[in-house]
Amino acid sequence: MNSYRKKMSFTLRSAIIITSVILLACFTVKAQNIDEAIVNYAEKYSPERMYLHYDKSAYSAGETIWFKAYLMNEIFPADQSKTVYVDWIDDKGSLLQHSVSPVIEAATNGQFDIPADFKGRYIHVRAYTKWMLNFDSAFLYDKTIPVISKNASQPVKQNAIIPSVSFFPEGGDAIAGISNKVAFKANDQWGRPVKIKGVILDSRGKITDSLKTMHDGMGYFLLLPEPGLSYTAKWKDEKNVERTAALPSIKQGGVSLQVTVAGSNRYFNVRYTPDAAAASDTVHIVGMMHQHLAFKLAKATNTPFIKATIPVKELPTGILTITVFDKQWNALAERITYINNEDYLFYPEMEVQHWGMNKRARNEIKITVPDSLIANLSVSVTDAAIGTDSSNTIVSHLFLSSELKGDIYNPAYYFSGNTDSVSQRLDLVMLTHGWRRYKWQEVIAGKNPKLRFERDTAYISLSGKVYGVMPGQILPGTEIILIVKQKDGEGNFIVVPLKSDGTFRDPSTILFDTAHVHYQFQKAKGLNDASVQFMTDRLPAPSITAPVAGADNTWPDTTGFYRQWKLADEANQLAERMKIKTLENVTVRSRGKSPVQLMDEKYASGLFSGGDGYQFDLLNDPFSTSAGNIFNYLQGKVAGLQINTGGATPSLQWRGGAPQLYLDEVAADISFISSLSVNDVAYIKVFRPPFMGGFNGANGAIAIYTRRGNDVKSEPGKGLSNNKIFGYTQIKEFYSPNHASFKPGNDQPDLRTTLYWNPAVIASPQKRQVVLTFYNNDVSKAFRVIIEGMTRDGRLAHIEQIME
């Protein structure tokens, strides 16, 4: 951070070259206080940015979305926050899963399994840290991922395109009597750019300038407003339909700020009307970059204009914000300009060492990172014939999209080169996307933002708080005894001291997935009625009740998406046939009663006995204890029964509704059942709809029977107060088959569209080269390899190559 500040303060403050006039530095006490306020804001309230790299661009129902998240703060990796939250939301607005992942060196990874019976058109991904929630929600990570189906191959009935145009006067306002550059942006209702052309008319019907898009729906025109007149744009879209739109109202007095992009320089020009100059005999001009003060100048308004040149060749890449204030430090005009010096890049090299384009052939690629760099990479290899979307990469997102409000069409284009034409088009993006990250009145006043969350600089570990106690009731030396049993492990005995405020934490116990915790207090008096709330520093699943605004902006790809769906559909059918084949191989060797029938006779009674449904004998199932709870155990065992355990309380769906739950043939709610350990359960019956043994049986029923008599096994913690708690989401390993080790004829067809995914490729000066091996499937003729990553000093890489 010190090197960053040194670079910022030296390069920017020494880079300003004043033309025609001399700008005097403002050394007043108030100016010094403003410096301190800006420094304070940058040090304490600098927001984080996030990007997710996925193994591919679209998915089918039943597939797994693999991802890696990268975090940045200013121009460096964001290494302070230790937890990333990812919400997976369907097109109806329902939360499918709330993932929680640990961050190591500004990166983490994970996965989301799309339900096999998912019928939606897309899944919306929202990712954030606690710290990011303190700031404008527009800067959270958002991404809509298409979920393709058979309809991807069918012609889609397109709604009529409804184009609209928005206008953005440079600096914020169009000022009467001053020549203004007015940018515009034309889009359809899905946010896609639209080509338009037309004219600008004043209220007398006189043409003042022409109107024509220059790049991706954007352009600008010049306007010299006359006092008392209003202005209108008359334009035609691509179908030659004529439309009109009013321009923003003209201010009769004020200050304008104009910026010109010219190679390695930026020229700014501040103009003001006579009444504005009279109202403020001095203006302050402030430059900000990555939350830090770049320059601060003051100039008397006794000249017609103020001009300056900013050499930008030595500046860091990013958005430079130039703001003009009056003498009371009220913001009058603002303009952003993009500096792209390509200092944010590093260039890994990819070399194919072994080609294997035939069926199930072996491939090897070698990745080499430049000397002295420590790089954290993610690598995906997919069938080159499936659909892809490279319009937003790790570079374009972290250095552009995540810094601006609103959608940017094809942001990766602006990092495809650094020619004058690309720079001019990037300047159109700056003109049409307002920068409002700084609330200047609050910053100038030294008013700090109200923080909802502290930065989570520690990992989520076993912790909690005791409720229902009076102040002073927890005495020194009081401890809580915890017996923690994780999903696939044995119980651990832990003793943790209680603080006087009732909180406790064991930083050495970091939990994944779910765990059951039994507890009791030691060396305590009067805490028998106290309760414990665990994992209070873990953000709960958000309450989402409606589709995410703007998420439904996908449109079909009838080539690559269809191929991807066909392969996924064939794979799903093969999996179903394998299940049937397995069932056909089962033979009955005895006519006696099965263990399940004996269980049913022992536990079920009345309308609960017999019947049409599924039966599960947990006493004789050696794997039942690894499930943790009833719903984890039932997942995937009942056809059509959808179980979502991602939230605080599980949810069930079967044939359009939720089945009724019974515990020992007495109706019970889902929260109580979810807290029940499978170690206490002997037998489960799942009745197909309708179930006639109780009320609300239209969607079937699930009957759970607890162990009796000699069935009951003793377990640690039995009889103690207990809770089910959630830790980090379990991180799975991508399965990449080694076809060299398979015997011919013993395996099913390989139709994978993601051939390889590795989110943890690390290169260092000691190990600059990494060799990765993967095998082709049965059908792919070419591969697409995408490598993205970040170095410890904040440089980024995006490489995309086709192997064919």
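This is a tour of a predicted model, selection by selection.

Residue numbers start from 1 along each chain as its sequence is written. Because the model is predicted, local features need pLDDT of at least 70 and side-chain atom pairs count only at pLDDT 80 or more, while totals for chains, interfaces and linings use all residues, and side-chain values use heavy atoms, with hydrogens and water left out.

**Whole chain**

Start with the whole protein chain, which has 10 helices and 45 strands. Helices (H or I, at least four residues) and strands (E, at least two) are DSSP runs, numbered from the N terminus. Of its 804 residues, 52% count as buried; buried means under 20% relative accessible area, exposed over 50%, and partly exposed in between, with a 1.4 Å probe and protein chains only. The accessible surface comes to about 38000 Å², and 51% of that belongs to carbon and sulfur atoms. Areas come from the Shrake-Rupley method with a 1.4 Å probe; for residues, only the protein chains shown count as cover. Among contacts with a separation of 6 or more, residues 24 or more positions apart account for 71%. A contact means heavy atoms within 4.5 Å.

**Strand β4 and its partners**

Select residues 64-73, strand β4: nine of its 10 residues are buried. Two strands pair if DSSP finds at least two bridges between them. Add residues 48-54, strand β2, which pairs with β4 in the antiparallel sense over seven bridges; here L52 stands opposite A69 of β4. Next add residues 107-113, strand β8, also joined to β4 by seven bridges and running antiparallel. Look for W66 opposite Q111 of β8. Then extend the selection to residues 76-77, strand β5, where two bridges give an antiparallel pairing with β4. F76 in β5 is the bridge partner of N73. This hairpin has two residues between the strands, and E74 takes a positive phi near 60°.

**A five-strand sheet**

Move to the open sheet with the order β3-β10-β9-β6-β7 and mixed pairing. Its edge strands are β3 (59-60) and β7 (95-102), each pairing on one side only. Select β3 with residues 141-148, strand β10: two bridges join them, and they run parallel. Y59 has V147 in β10 as its bridge partner.

**A surface patch**

Show M214, Y220 and L222 as a surface; they form a nonpolar patch with about 270 Å² of accessible area together. Patches are made of residues with over 30% relative accessible area and no salt bridge, like charges being joined within 9 Å and nonpolar side chains (Val, Leu, Ile, Met, Phe, Trp, Tyr) within 5 Å. A salt bridge is a side-chain nitrogen of Lys or Arg within 4 Å of a carboxyl oxygen of Asp or Glu. M214 lies in the loop between β14 (207-212) and β15. M214 counts as partly exposed because its relative accessibility is 43%.

**Helix α5 and D427**

Finish with residues 420-432, helix α5. Its 13 residues reach 19 Å from first C-alpha to last, close to the 18 Å expected at 1.5 Å a residue; the expected span is 1.5 Å times one less than the number of residues. The buried residues of α5 include V422, L426 and M430. They pack against several strands, among them β11 (164-169), β18 (255-262) and β24 (331-339).

Zoom in on D427, which counts as buried because its relative accessibility is 6%. Not counting residues up to four places away in sequence, D427 touches V261, R335, I336 and T337. D427 and T337 are 90 residues apart in sequence, and 6.5 Å apart in space, C-alpha to C-alpha.
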